[in-house]
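Welcome to a short guided tour. Keep your viewer open and follow along, one selection at a time.

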Amino acid sequence: LTTISAQAKDGKTATLTAAMAATMTTNPDADCLGWKSSNPDGKAVVHFDTEQSIEDHYAVGKRATDRAGLATAPPWFVSYCLTGFTVREARKAITVVLEDEAKTHGGIHSVFLDGSADFVCDVNDPAESNEFVSSMHANGIEYRCPILAAIHLNPNSGTKTRGHLGSQLERKAESNLKLEREGDIITLFATRNRK
């Protein structure tokens with residue numbers, strides 16, 4: 001697990017988009033904001049978006065392919081707009097999609113969650129938050145893939161992620177990435193919990 005946190009509109013989606021683009025490109029000069037990846041086996045790269053409208057969700061996928069320098073996304077890149085889904089539906093979608101895409105593409109390369117707080121009813125409920133984070137951890141282990149989870153910081157806080165969910169994500173994550181914006185400059189701060 002990797003947690004990406006920031007205030008609203010401070011670059012979480014752009015960071016995820018660049019990381020997704022890195023999975024698609026072999027061009028070392030692609031605009032992936034420093035992210036490096038490879039997917040020689042064509043395993044599924046799965047993106048779940050709970051925050052954007054359908055139009056903005058489409059634009060996120062387009063931005064990823066543009067950053068990668070491609071006209072269209074590879075067939076193994078799949079992106080789902082879950083905006084408007086209930087928590088139960090969104091959680092079920094993760095299970096069903098990962099199962100299906102692993103069969104279709106011979107495994108899962110990576111998973112991107114844009115809007116982690118939308119997968120629980122109450123970010124301050126320890127039992128629900130712990131269960132969700134455990135399920136994501138289990139998915140990462142089962143599919144042998146990284147899961148990048150974006151979550152907002154608490155309003156007026158430069159350091160604390162949303163509720164118990166944010167605390168649990170940060171505790172269980174291998175790495176925590178925090179973005180801070182000052183004007184047009186976004187700075188990334190990284191901490192590692194393991195290795």
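Begin by selecting Asp 31 and Arg 67, which form a salt bridge whose closest N and O atoms are 2.9 Å apart. Keep in mind that you are looking at a predicted model.

Colour the surroundings of this pair by secondary structure. Asp 31 sits in the loop between helix H1 (12-24) and strand E2 (44-49), while Arg 67 belongs to helix H2 (residues 54-68), so the bridge ties together parts that are 36 residues apart in sequence. With a surface switched on, Asp 31 counts as partly exposed, at 45% relative accessibility.

**Along helix H2**

Stay in H2 and select Lys 62 and Asp 66. Their side chains also meet in a salt bridge, at 2.9 Å from N to O. Here both partners lie in helix H2, 4 residues apart, or about one turn of the helix. Why does that spacing suit a pair on one helix? An α-helix has 3.6 residues a turn, so residues three or four places apart point the same way. Asp 66 is partly exposed, with a relative accessible area of 44%, and Lys 62 counts as partly exposed too, at 38%.

How many salt bridges does the structure hold? The total is 6. One more is worth a visit: select Lys 178 and Glu 170, where the closest N and O atoms are 3.1 Å apart. Glu 170 counts as buried, at 18% relative accessibility.

**Helix H5 and its surroundings**

Glu 170 is one of the buried residues of H5, so extend your selection to the whole helix. Is H5 largely enclosed or open? Since 7 of its 10 residues are buried, H5 is largely enclosed by the rest of the structure. To see them, pick Gly 163, Leu 165, Gly 166, Ser 167, Gln 168, Leu 169 and Glu 170. These buried residues pack against strand E1 (2-6), H4, strand E5 (147-152) and E6.

Next, show helix H4 (residues 126-143) together with helix H5 (residues 163-172): their axes come within 9 Å and cross at roughly 35 degrees. The crossing of H4 and H5 is right-handed. To display the contact, choose Pro 126, Ser 129, Asn 130, Phe 132, Val 133 and His 137 from H4, then His 164, Leu 165, Gln 168, Leu 169 and Lys 172 from H5. Colouring the residues of this contact by character gives 5 nonpolar, 5 polar and 1 charged.

**Strand E6**

From H5, move to Ser 175, which lies in strand E6 (residues 175-182). Ser 175 counts as buried, at 12% relative accessibility. Which residues touch it, leaving aside neighbours within four places in sequence? Ser 175 is in contact with Leu 1, Thr 2, Thr 3, Thr 191 and Arg 192. For a sense of scale, draw a distance from Ser 175 to Gly 69: their C-alpha atoms are separated by 28 Å, and the two residues are 106 apart along the chain.

**Last stop: the cysteines**

Finally, select the cysteines. How many disulfides are there? The count comes to 0. For Cys 81, the nearest cysteine sulfur is that of Cys 121, 19 Å away; a disulfide would need the two sulfur atoms within 2.5 Å. Cys 81 counts as partly exposed, at 22% relative accessibility. Cys 145 is in no disulfide either, its nearest cysteine sulfur being that of Cys 32, 19 Å away. Cys 145 is buried, with a relative accessible area of 11%.

Notes. Residues are numbered from 1 along each chain as its sequence is written. This is a predicted model: local features need pLDDT of at least 70, side-chain atom pairs count only at pLDDT 80 or more; totals for chains, interfaces and linings use all residues. Side-chain values use heavy atoms; hydrogens and water are left out. Axes are lines fitted to C-alpha atoms, for helices over the stretch in contact, and angles run from 0 to 180 degrees between N-to-C directions. Helices (H or I, at least four residues) and strands (E, at least two) are DSSP runs, numbered from the N terminus. A crossing is left-handed if the near helix is turned anticlockwise from the far one by less than a right angle, and right-handed if clockwise. Contact means heavy atoms within 4.5 Å. Ala, Val, Leu, Ile, Met, Phe, Trp, Tyr, Cys and Pro count as nonpolar, Asp, Glu, Lys and Arg as charged, and the others, Gly among them, as polar. Buried means under 20% relative accessible area, exposed over 50%, partly exposed in between (1.4 Å probe, protein chains only). A salt bridge is a side-chain nitrogen of Lys or Arg within 4 Å of a carboxyl oxygen of Asp or Glu.
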